[in-house]
Amino acid sequence: MAGGIYLIQDDDRLVEMMEQPYDSEDQLQDLLVTYPNLIAGDQIDRATARRWLLISREAAPSDEETAVQWSLDHLFLDQNAVPTLVDVRRTPNAELRQKVLGQSIDYAANALVYWPVDSIISLFEANCRDRGRDPEQIFEEFLGADANEDRFWQKVKTNLQAGKVRLVFVADEISAEMRRVVEFLNEQMDPVEVLALEIKQYVSEDGLKTLVPRVIGQTAEAQQKKSSATRERRRWDESSFFAEIKARRGADEAQMARAIYLWAKSQEPEVQIQWGTGDAYGGFAAQLPQKGRKPYQLFTVDIAGRMEISADNYGSQPPFNAEHNWLELRSKLSAIGLSLPIEPGERRSPSLALFTLQDESALKQVMETFDWVIEQIQTL
């Protein structure tokens, strides 16, 4: 049996979870239908996590004259209307690996023929009926009440015509050979994105189960080639940021982020809010302008649900570049969970998870701490 992972229970009991193979491919396929987040959208796109709309399981070609006798395991769309073709296998051997890869490339090359947009809409509606769900309600949950459904489906059609699709090979174990093939295809096939997804299952003696997904195939070269083709450059603002963090991290963390944002807004004009641009950073920075010096960046809040500070930014400017002031700052920030290094010149970016601030007193302490920071800077 392969090695395991460990869970710490509330009673401080350590529970060992041992890796266990799936009973069947159907079990793994069922899990993807029930829990689409297992496709690890946050690993596929770290700047803006992919969200998934299930179109169909066992999606067969719509063209009756097509001679092929197969169906795709899962057809998903992400929030940018990119068709995502998912093939599920349990630890494919060499022969099966070649068959799966060839078949999936066939899917990608002929997607527009196999699944024209009208067919995709029909598959989506049929899937909703089978699950006893209203298609309009599911679509609203996926993209929000204000989304334009017609425009979204038109974008699906545009992506299909441009060959902008994503292939995802899913297994409980991705071999080294499979990884090399996927990485090679992902680097060479543009704008098609080719990925492997390893989802390991861990089970404890008393029946606890943990699933650990890992995306494979995103080499630096592939990401660089496709960054301009596959991502839409974003200029973040209040509306887009809070919609994204709510979708990605949930309503509670979005509420914590908004509370911090409103505190920063209440400090204007002394504090200015700067929004990030592009896909590499999504969030806002709270800055304190200074005459004759660069702005003091108090902190940033990002769509990954973190408040972050720059130790180097604080330690390189007065008043905190003085040892006694640095130690006082270090003590204050440590009390709210931001651990500064001992030396002020050290480059480090301590961060604080927003979910730790759900207690009102903890959030209040953070704001009071930065009230104190602003007061110290303004005494210069």
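# A guided tour, beginning at helix H14

Select helix H14 first: at 1.5 Å a residue, its 19 residues should span 27 Å, and the end C-alpha atoms are indeed 27 Å apart, so the two values agree. The model on display is a predicted one. With H14 still selected, colour its buried residues, which are Leu363, Val366, Met367, Thr369, Phe370, Trp372, Val373, Ile374 and Ile377.

**Around Trp372**

From that list, keep Trp372, which counts as buried because its relative accessibility is 12%. Show the side chain of Lys332 as well: Lys332 lies over the face of Trp372, at 5.2 Å from the ring centre.

**Aromatic pairs**

The next selections concern rings. A search of the whole structure finds 19 aromatic pairs. One of them is formed by Phe241 and Phe284, whose rings are edge-to-face, with 5.6 Å from centre to centre and 85° between the planes. Phe241 belongs to helix H10 (residues 238–249) and Phe284 to strand E10 (residues 283–290); the pair thus links distant parts of the chain, 43 residues apart. Are these two residues buried or exposed? Both Phe241 and Phe284 are buried.

Now select Phe320 together with Trp372. Their ring centres are 6.0 Å apart and their planes meet at 40°, so this pair is tilted. Phe320 is in the loop between helix H12 (311–315) and helix H13 (323–335), while Trp372 is in helix H14 (residues 360–378), so the pair ties together parts that are 52 residues apart in sequence. Phe320 has a relative accessible area of 1% and is therefore buried.

Two further selections complete this part of the tour. Phe124, Phe139, Phe142, Phe152 and Trp153 may be displayed together, as they form one aromatic cluster. Then centre the view on Phe242: Arg258 lies over the face of this ring, at 4.0 Å from the ring centre.

**Salt bridges**

Turn next to the charged side chains. How many salt bridges does the structure hold? The structure holds 16 salt bridges.

Begin with Arg50 and Asp78, which form a salt bridge with their closest N and O atoms 3.3 Å apart. Arg50 is in the loop between helix H2 (41–44) and strand E3 (53–59), and Asp78 is in the loop between strand E4 (72–77) and strand E5 (83–88); this pair also links distant parts of the chain, 28 residues apart. Both Arg50 and Asp78 are buried.

Move to helix H8 (residues 176–188), where Glu183 and Arg179 both lie, four residues apart, about one turn of the helix. They form a salt bridge, the closest N and O atoms being 2.9 Å apart. Arg179 counts as partly exposed because its relative accessibility is 35%. Then extend the selection to Asp45, Arg50, Asp78, Arg166 and Glu193, which are joined into one network by salt bridges that share partners.

**Towards the N terminus**

Finally, select Arg13 and Asp11, whose side chains meet in a salt bridge (3.8 Å, N to O). Arg13 counts as partly exposed, since its relative accessibility is 40%, whereas Asp11 is exposed, with a relative accessible area of 54%.

The last stop is Leu14, found in strand E2 (residues 14–19). Its relative accessibility of 56% is why Leu14 counts as exposed. Add Tyr6 and Ile8 to the selection: with Leu14, they make a nonpolar surface patch of about 370 Å².

Conventions. Residues are numbered from 1 along each chain as its sequence is written. This is a predicted model: local features need pLDDT of at least 70, side-chain atom pairs count only at pLDDT 80 or more; totals for chains, interfaces and linings use all residues. Side-chain values use heavy atoms; hydrogens and water are left out. Patches are made of residues with over 30% relative accessible area and no salt bridge: like charges are joined within 9 Å, nonpolar side chains (Val, Leu, Ile, Met, Phe, Trp, Tyr) within 5 Å. Accessible areas come from the Shrake-Rupley method with a 1.4 Å probe; for residues, only the protein chains shown count as cover. A salt bridge is a side-chain nitrogen of Lys or Arg within 4 Å of a carboxyl oxygen of Asp or Glu. Helices (H or I, at least four residues) and strands (E, at least two) are DSSP runs, numbered from the N terminus. Buried means under 20% relative accessible area, exposed over 50%, partly exposed in between (1.4 Å probe, protein chains only). Rings of Phe, Tyr and Trp (its six-membered ring) pair if their centres lie within 6.5 Å; planes under 30 degrees apart count as stacked, over 60 as edge-to-face and the rest as tilted. A charge sits over a ring if NZ of Lys or CZ of Arg is within 6 Å of the ring centre and within 35 degrees of the ring normal. The expected span of a helix is 1.5 Å times one less than its number of residues.
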